[in-house]
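Work through these exercises with the structure open beside you. Try each task before you read its solution.

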Amino acid sequence: MPDRPTILVLGGTGEARALASDLAGDARYRIVSSLAGRTAAPLLPDGAVRRGGFGGVEGLAAYLCDEEVALVVDATHPFAARMSENAAAACSELGLPLVRLERPPWRAGPGDDWRMVADAREAARAIPAGARVLLTVGGGEIAPFLERGDVAFVARMIEPPASPVPAHCEILLARPPFTISGETALMRERAIGMLVTKNSGGAATAAKLEAARGLGVPVLMIARPQKPPAPSAETVAEMLALIDRTLG
Ligand code: NAP
């Protein structure tokens with residue numbers, strides 16, 4: 001038996017990094033962060049890090065057994081639905097506790113002009129012909145939008161897309177955080193008439209919503225996928241308390 005419980009943090013978010021840093025400084029626990037390995041130069045958390053997929057539920061369950069993991073913290077992005085489902089299935093199979101760190105979604109306020117859509121396909125269909133769109137759904141999810149040859153896109157992402165994109169889509173490489181003044185300037189310069197985004201939540205990428213409100217730009221907001229139920233926390237501080245309660 002290991003001398004202290006091992007916590008696996010499924011990461012890929014700023015919150016997961018912050019949590020890992022706090023846990024790495026806590027002598028009561030051994031901590032391993034897991035990254036999918038999609039980003040060539042990811043910001044790495046403190047403590048041990050493993051990279052790459054586990055190989056589905058079976059691979060994850062084998063990893064959890066081999067590493068004698070005592071608790072899994074699902075701190076993946078709100079749109080990383082498959083990893084969350086796999087984690088829930090593997091933990092349930094092994095009788096291991098699973099907790100989730102998930103930032104709250106953005107909510108429309110006074111002055112916002114949002115239309116909620118279920119997924120990227122519905123968003124792509126809902127864009128009016130001739131629109132100039134700022135698209136912030138990430139590199140992996142732009143395909144349904146590129147079919148809209150009657151729309152001009154400025155697609156912002158951290159790393160270039162895997163395949164070349166057609167001429168009606170300009171790729172803008174940038175890493176958050178973004179500022180309201182920067183987002184406003186970008187939307188003005190590119191004559192953006194619509195913002196399409198996923199409801200990721202969080203402060204680092206919220207400035208575009210304030211910029212859109214200020215400029216009167218409508219927003220197509222892609223709703224979050226459902227994740228399996230798990231005891232949850234919205235902040236790192238709440239999660240540290242939840243971990244102590246779960247392992248205490
Ligand atoms: P996904 O669709 O839920 O997962 C697809 C597969 O990628 C999983 O089945 C798993 O492969 C592997 N994977 C995902 N997260 C992993 C992790 N933390 N550690 C090890 N393997 C992981 O996930 P995604 O939406 O592609 O996101 C991939 C990563 O990027 C996640 O870590 C997520 O937190 C981060 N991220 C996602 C978004 C987004 O909008 N989706 C935005 C920002 C950051 P196996 O089945 O082989 O285990």
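**Exercise 1. The ligand shell**

Task: Find which element gives the most to the shell around the ligand. Then sort the shell by class.

Solution:
- Step 1. Keep in mind that this is a predicted model.
- Step 2. Start with the whole shell: 21 residues surround the ligand. The closest are G11, S34, R38, F54 and K198.
- Step 3. Look for elements that supply at least two residues each; β2 (30-35) and α3 both do.
- Step 4. Pick the top contributor. Helix α3 gives the most, with 4 residues.
- Step 5. Sort by class. The shell holds 7 nonpolar, 10 polar and 4 charged residues.

**Exercise 2. Backbone atoms at the ligand**

Task: State how far a polar backbone atom of R82 is from an oxygen atom of the ligand. Do likewise for G56 and F54.

Solution:
- Step 1. For R82, the distance from a polar backbone atom to a ligand oxygen is 2.9 Å.
- Step 2. For G56, a polar backbone atom sits 3.1 Å from an oxygen of the ligand.
- Step 3. For F54, a backbone N or O atom is 2.7 Å from a ligand oxygen.
- Step 4. Add the cover. On its own the ligand has 810 Å² of accessible area, and the protein covers 78% of that.

**Exercise 3. Helix α3**

Task: Check the span of α3 against the expected value. Then say what its buried residues pack against.

Solution:
- Step 1. Count the residues: α3 runs over residues 81-94, which makes 14.
- Step 2. Apply 1.5 Å a residue, using one less than the number of residues. The helix should therefore span 20 Å.
- Step 3. Compare. The end C-alpha atoms are 20 Å apart, so the two values agree.
- Step 4. List the buried residues: A81, S84, N86, A87, A88, A90 and C91.
- Step 5. Name their partners. These buried residues pack against β1 (6-10), α2 (56-66), β4 (69-74) and β5 (98-101).
- Step 6. Look just past the helix. There G95 has a positive phi of about 70°.

**Exercise 4. R148**

Task: Decide whether R148 is buried or exposed.

Solution:
- Step 1. Locate R148 in the loop between α5 (143-146) and β8 (152-157).
- Step 2. Read its relative accessibility: 15%.
- Step 3. Use the cut-off. Buried means under 20%, so R148 counts as buried.
- Step 4. Find its contacts beyond four places in sequence. Among them are A124, R125, F153 and H168.

Note on methods. Residues numbered from 1 in each chain as written. Predicted model: local features only at pLDDT ≥ 70, side-chain atom pairs only at ≥ 80, totals over all residues. Heavy atoms only, no water. Buried < 20%, exposed > 50% of the residue type's maximum accessible area, 1.4 Å probe, protein only. Contact = heavy atoms within 4.5 Å. Near = heavy atom within 4 Å. Polar contact = N/O pair within 3.5 Å; in protein donor to acceptor, adjacent residues only side chain to side chain. Areas by Shrake-Rupley, 256 points an atom, 1.4 Å probe, with all protein chains shown as cover. Nonpolar A, V, L, I, M, F, W, Y, C, P; charged D, E, K, R; others polar.
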